[in-house]
Each structure stands twice: as C-alpha cells, then as structure tokens.
Amino acid sequence: MSLKGKKIVLGLTGSIAAYKAADLTRRLVKAGAEVQPVMTPAAARFIPPLTIATLAGREVLSELFPDAGDAQTAWTKHVDLGLWADAVVIAPATAQTLAKLAGGFCDSMLTAVVLSARCPVLVAPAMDHDMWGHPATQRNVARLHADGVEVVDPAHGELASGLVGDGRLPEPEDLVATIERWMQGSGFGVQGSAPSDDVPVGAPRSPVPGPLQGRHVLVTAGPTREAIDPVRFLSNGSTGTMGFALAAAAARRGARVTLVAGPVALDTPPGVDRVDVVTADDLLDAALAHADADLVIAAAAVSDYAPAQVSDHKLAKGDGDLTLTLRRTPDVLATLGERKRDGQTLVGFALETHGGEAKARAKLDRKRLDWIALNVQGEPGAGMGAPTNRVTLLGADGARVEIATAPKAEVAQAILDAVTG
Ligand code: CTP
C-alpha cells in the first residue's frame, strides 16, 4: 500500500495500449491510491469509460465543456483537479498528447488539468516505433523533460502495427512500481525547475534543449569481439542495454551524444550519433576521436584479451586440445583517464562477482575516474543481460549513491542525475 492516500489524476489517451489502463487503474487503487480518471475523447474509442469508472470508483471526466450539469462547476473542474492531485499520470500518452502538452495546449479536460496542476506530472508514451523515434516526438519529449515532466521510456517489443521496436507501454505492474518509486523520490514535489529556452526546429540530430544542452557526451556500450579465425571470436554476454539507455537519456537532456557501440542488436536511440565497432582496438580508436567530450561514460564490456594470432582460415579441429595465446587489449578507459582534461567527467563501470566495492574503488583510482558504477554479476535483476540493474555509484570524492533495482532506462536517469548534478 505504498500509494496509500495518494491522489492521482490518471490520464488516458487514444492509444491501443489504453486496454492496459484497466489493469493499471485496478493496481493503483489496490496500492491505496485515490484515482480520478480523465480520458481524452480518443481514449474512449479504445476502452469504455464505464470500465475505468467502475475500477476507479469515480466518474470519468473527459469534456472540458460538458453539455449537461452546472456550467460553473464544470468550468472550474480542471483547476480543482489540478489543485487536488498529488500527481498526474498519463498512461498511455500518445504522440498527439505529448505534442499538445509540449506546446501548452489545453483543448481537453486532460490537457487543461496538466496546465493547472501544481503537482508533478509523469507521462508514459505509447505509440509506433517510428512515431516515437520521429524528431518531432523526441523534441516534444525533451521539451516536457525540460519542463520538469517525468517521462517513462516506452518498452521494446512487438507493437500493434506488427513492427518490433520501442513504443510499447510498460506492463501495468512495472508502471505502478515506477510510479511508486517516482512518488517516493527526492525530487518529488518540484516541477518546472528546468530552463525554458525556445525549442529549436532543426534537423533530426540537432541537440534539443535540456539541462545538458551544449555538452558533448561520449558513451561506450556493448561487448567487443576478438577474432580467433574468420568465423570464431572471443566475446561476452553484454547486450549494450545500459549504455544505450545512458546515451538515450543524455540525448533527451539536450547533450550531443556519441555512442561507440560494439556488436549489439539494439536500435540507435533518437538524436544519438552512433559509431559501430567490433574489437577493443577499434573501440579505442573511436573513443580517442571523441576524447574531448565533457562527459565520458564507459559502459562497454571490453574484452581484456584477444588472440595473439588471428588465423586467416577456419581452424579445423585436430585430435588434441587447442591452446590459444592471448594478448592484452588496450584499456580504453584508462587511456582516456591518462589524457583527461580539466573539466571533463569520466565515469566507468565495474562488474564484479565478489569483493565489489574495494575492487571498484581501486579501478576508480587506477583509471583516474570521477565516478564508478558498481554492478554485481549474478545478483538477481542486475548486471549483464538483465533488463534491470542495481548500481552503487562511488565518487572520487568519497560519495556513495545507491540506485535501487529498476529498469535500465531509469537507472540511466539516476546515474546522469548523480554525475551531472
Ligand atoms: N574498460 C575499457 N577498456 C578495457 C577494459 C575495461 O574501457 N580494455 C572499461 C569498461 O568499459 C568499464 C571499466 O573499464 O567502464 C571497468 O572494466 P573491467 O573490465 O571491470 O575492469 P578491468 O580494469 O579490466 O579490471 P578486471 O578485469 O581486472 O576486473
């Protein structure tokens, strides 16, 4: 009952994902929240207001100017609700609603409530992959982020269109957990603290306004592959999810982002410049080309060794064992540490199986880092290959920040908060 007594305006907009809103409503109520549903007219085409009203135990509001009833009462309802709510949650939030909110439009009860709200606002976008990736949508999301709105990254998977990509509304269970964490978070209650520069209208990759506007962020992500012969290689199980989430979060905050990625099956986050690499040597070259970045986050799981000899033909099996001689690969982050310039922030990751904190601190010193993010491999819900992560951030100044288990997109936001704060 961690939402006990919390007053939540739950906004529903016209996405196929609105079908999940029934379960979301039920779960919020079960967690102890008072839920006031507000639906856009388009949402009502996907899910009957009666279903939502029954689950919430409250009448669904939709029209800003209802035909019937006391006109005076109806007219001020959006203001009343904006004052009543502890939080406004819009899930699913369509591209259209994001655009309206980013532009400050108030042509429906929901958009008018958001403009009147004195409480924090969270949006969970849901749409087709290409709509989510469109520069206009990303510009609107960045605008909302800069206005202090919490944006929950859509999940990756199969979409109603049949395409596979980013754009799914997270499962209601995960959304409730996200809302709980958000409402318990330290920043809760602060809205609209970010600068309000004009939104640039520009090319798809032009930086968007936000707290990291004008800063260059370099992120390394994914595994490397070190060839043994033309068909075999040494590698590891990194999926690149954490690094890609960091790149996406930095771009959304307005940074110019260069993402140096090993071989992974992930789409390039909107607004990010991606450089694909295969080996540790390639990764070093690509990183050095951007070594003047203001913030470097090394999330790549770089192979520490590579076969000393690469066979130019496929090795056929023999009768006995095969011995490979391995050579050390360059340590990309340590090289960047040696060349670190004034004002640059270097962040590394340490994936440990045991003795974590002491080893991570030793790496922090050895590689001249400002921060190191410690993951414990083998811990449930954390580390390589997991969709979630739990991180202990250690600072060169002795700081220690615990980031609780959460989807990697949220962990990325928390890491950026700490290292840019
Ligand atoms: N890293 C790197 N280049 C390498 C190895 C690691 O840039 N060749 C970076 C990783 O991206 C990560 C950090 O260094 O940010 C720590 O990686 P890790 O492999 O855990 O550290 P090592 O120094 O290699 O320590 P060890 O393997 O002894 O645990």
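**Reading a Predicted Model: Questions and Answers**

Colleague: At 15% relative accessibility, does S311 count as buried or exposed?
Modeller: In this predicted model, S311 has a relative accessibility of 15%. The cut-off for a buried residue is under 20% relative accessible area. Because 15% falls under that cut-off, S311 counts as buried.

Colleague: Which residue has its backbone oxygen 2.6 Å from a polar atom of the side chain of S311?
Modeller: S311 belongs to the loop between β14 (305-307) and β15 (326-328). A polar contact requires N or O atoms within 3.5 Å. A polar atom of the S311 side chain meets that limit, lying 2.6 Å from the backbone oxygen of H313.

Colleague: Let us turn to the ligand. Which residues come nearest to the ligand?
Modeller: There are 13 residues around the ligand. By class, this shell holds seven nonpolar, one polar and five charged residues. Those that come nearest are A298, A300, F349, K363 and K367.

Colleague: Which elements each supply at least two residues of the shell around the ligand?
Modeller: The shell around the ligand contains 13 residues. Two helices and one strand each contribute at least two of them. These elements are α11 (332-338), β16 (345-352) and α12 (356-366).

Colleague: How much of the area that the ligand exposes when taken alone does the protein bury?
Modeller: Polar atoms of the ligand approach the protein in several places: an oxygen atom is 2.6 Å from a polar backbone atom of A300, and a nitrogen atom is 3.4 Å from an N or O atom in the side chain of D331. An oxygen atom of the ligand is also 3.0 Å from an N or O atom in the side chain of R366. Taken alone, the ligand exposes 570 Å², and the share of this that the protein buries is 78%.

Colleague: What is the volume of the largest cavity?
Modeller: A search of the whole structure for cavities of 30 Å³ or more finds one. The largest cavity is lined by Q138, A248, A251, R252, P269 and P270. Its volume is about 30 Å³.

Colleague: Which helix gives the largest share of the lining of the largest cavity?
Modeller: The lining divides into four nonpolar residues, one polar and one charged. Among the lining residues are A248, A251 and R252. The largest share is three residues, and it comes from the helix that spans residues 241-252, namely α9.

Colleague: Which element gives the most to the lining of the second largest pocket?
Modeller: The second largest pocket holds about 960 Å³ of space and is lined by 37 residues, with D153, P154, A155, H156 and A409 nearest its centre. Two or more lining residues come from each of β5 (150-151), β6 (155-158), β7 (164-168), α8 (172-184), α9 and α13 (408-420). By class, the lining has 18 nonpolar, eight polar and 11 charged residues. The element that gives the most, with five residues, is α9.

Colleague: How many of the eight residues of helix α5 are buried?
Modeller: Helix α5 covers residues 109-116 and is mostly covered. The buried residues are M109, L110, T111, A112, V113 and V114. Of the eight residues in α5, the number buried is six.

Colleague: Which residues are joined by a cis peptide bond?
Modeller: One partner in this bond, P92, is found in strand β3 (residues 87-93). Omega for the bond is about 0 degrees. The residues joined by the cis peptide bond are A91 and P92.

Colleague: What is the value of phi for R368?
Modeller: R368 is placed in the loop between α12 and β17 (371-376). Phi of R368 is positive, and R368 is a residue other than glycine. The value of phi is near 55 degrees.

Colleague: How far apart in space are G133 and P269, C-alpha to C-alpha?
Modeller: G133 lies in helix α6 (residues 129-133) and is partly exposed, because a relative accessible area of 34% falls between the cut-offs of 20% and 50%. Along the sequence, G133 and P269 are 136 residues apart. In space, their C-alpha atoms are separated by 7.7 Å.

Colleague: What distance separates the C-alpha atoms of R27 and L218?
Modeller: R27 lies in helix α1 (residues 20-30) and counts as partly exposed at 28% relative accessibility. Along the chain, R27 and L218 are 191 residues apart. Their C-alpha atoms are separated by 39 Å.

Key: Residues are numbered from 1 along each chain as its sequence is written. This is a predicted model: local features need pLDDT of at least 70, side-chain atom pairs count only at pLDDT 80 or more; totals for chains, interfaces and linings use all residues. Side-chain values use heavy atoms; hydrogens and water are left out. A residue is near a molecule or strand if one of its heavy atoms lies within 4 Å of it. A polar contact is a pair of N or O atoms within 3.5 Å; within protein, one must be able to donate a hydrogen and the other to accept it, and residues adjacent in sequence count only if both atoms are side-chain atoms. Accessible areas come from the Shrake-Rupley method with a 1.4 Å probe; for residues, only the protein chains shown count as cover. Helices (H or I, at least four residues) and strands (E, at least two) are DSSP runs, numbered from the N terminus. Ala, Val, Leu, Ile, Met, Phe, Trp, Tyr, Cys and Pro count as nonpolar, Asp, Glu, Lys and Arg as charged, and the others, Gly among them, as polar. On a 1 Å grid over the protein atoms alone, a cavity is a set of points where a 1.4 Å probe fits but cannot get out, and a pocket is an open set with protein on both sides within 12 Å along at least five of seven lines; lining residues have an atom within 4 Å of a point. Grid points are joined across faces, edges and corners, and a volume is the space filled by probe spheres set on the points. Buried means under 20% relative accessible area, exposed over 50%, partly exposed in between (1.4 Å probe, protein chains only).
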